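Here is my note on the model you sent. The points are numbered so that you can reply to each in turn.

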Amino acid sequence: MGLGGCIILIAVGAILTFATDWDMEGVNLDLVGIILMIVGLIGVTTFSSIARRRRVVVPPTTPVVDEEPHHHHHRRDGYSDGYGV
């Protein structure tokens, strides 16, 4: 159920609770309206928290730049790493 459905639940619940004076055998319409409003509010908060989580922009990770290998003059006596120069 989307955000619109939750808002409709809240509206129907409020209408049943505050705007009607119907009497049904064995049904408390005020209680039904309050339950519908509570369910609608839970739905709205759940929907908005999910939407907020989706909207969070994760900053792009900085790419790891591989440095190009240092080109040293290769010597044949084993000191090819440049420390023996």
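**Notes on the predicted model**

1. Start with Phe47. Phe47 sits in helix H2, which covers residues 29–55. The model is predicted, so read every value here as computed from it. The relative accessible area of Phe47 is 35%, so the residue is partly exposed; the partly exposed class lies between the 20% and 50% cut-offs.

2. Phe47 does not stand alone on the surface. Together with Leu3 and Ile7, Phe47 makes up a nonpolar surface patch. The accessible area of the three together is about 240 Å².

3. Which secondary structure elements does the protein have? There are 2 helices and 0 strands. Helix H1 takes in residues 3–19, and helix H2 residues 29–55.

4. Thr46 also belongs to helix H2. Thr46 has a relative accessibility of 40% and is therefore partly exposed. What does its side chain reach? A polar atom of the Thr46 side chain lies 2.8 Å from the backbone oxygen of Ile42.

5. Thr46 also gives a distance across the sequence. Its C-alpha atom is 9.4 Å from that of Leu3, although the two residues are 43 apart along the chain. Leu3 is one of the patch residues from point 2.

6. Now Thr17, in helix H1. Is Thr17 buried or exposed? Its relative accessible area is 13%, so Thr17 is buried; the cut-off for buried is under 20%.

7. Thr17 has contacts beyond its sequence neighbours. With neighbours within four places set aside, Thr17 touches Asp30, Gly33, Ile34 and Met37. With Ile34 there is a polar contact too: the Thr17 side chain comes to 3.3 Å from the backbone nitrogen of Ile34.

8. Thr20 lies in the loop between H1 and H2. Thr20 is buried, because its relative accessibility is 18% and the limit is 20%. The Thr20 side chain reaches the backbone oxygen of Leu16 at 2.9 Å.

9. Compare the backbone partners of the three threonines. For Thr17 the partner atom is the nitrogen of Ile34. For Thr20 the partner is the oxygen of Leu16. For Thr46 the partner is the oxygen of Ile42.

10. Last, the totals. The protein has 85 residues, and 14% of them count as buried. About 7,600 Å² is exposed, with carbon and sulfur atoms supplying 64% of that area. Take the contacts between residues at least 6 apart in sequence: 45% of these join residues at least 24 apart.

Methods
Residues are numbered from 1 along each chain as its sequence is written. This is a predicted model: local features need pLDDT of at least 70, side-chain atom pairs count only at pLDDT 80 or more; totals for chains, interfaces and linings use all residues. Side-chain values use heavy atoms; hydrogens and water are left out. Patches are made of residues with over 30% relative accessible area and no salt bridge: like charges are joined within 9 Å, nonpolar side chains (Val, Leu, Ile, Met, Phe, Trp, Tyr) within 5 Å. Accessible areas come from the Shrake-Rupley method with a 1.4 Å probe; for residues, only the protein chains shown count as cover. A salt bridge is a side-chain nitrogen of Lys or Arg within 4 Å of a carboxyl oxygen of Asp or Glu. Helices (H or I, at least four residues) and strands (E, at least two) are DSSP runs, numbered from the N terminus. Buried means under 20% relative accessible area, exposed over 50%, partly exposed in between (1.4 Å probe, protein chains only). Contact means heavy atoms within 4.5 Å. A polar contact is a pair of N or O atoms within 3.5 Å; within protein, one must be able to donate a hydrogen and the other to accept it, and residues adjacent in sequence count only if both atoms are side-chain atoms.
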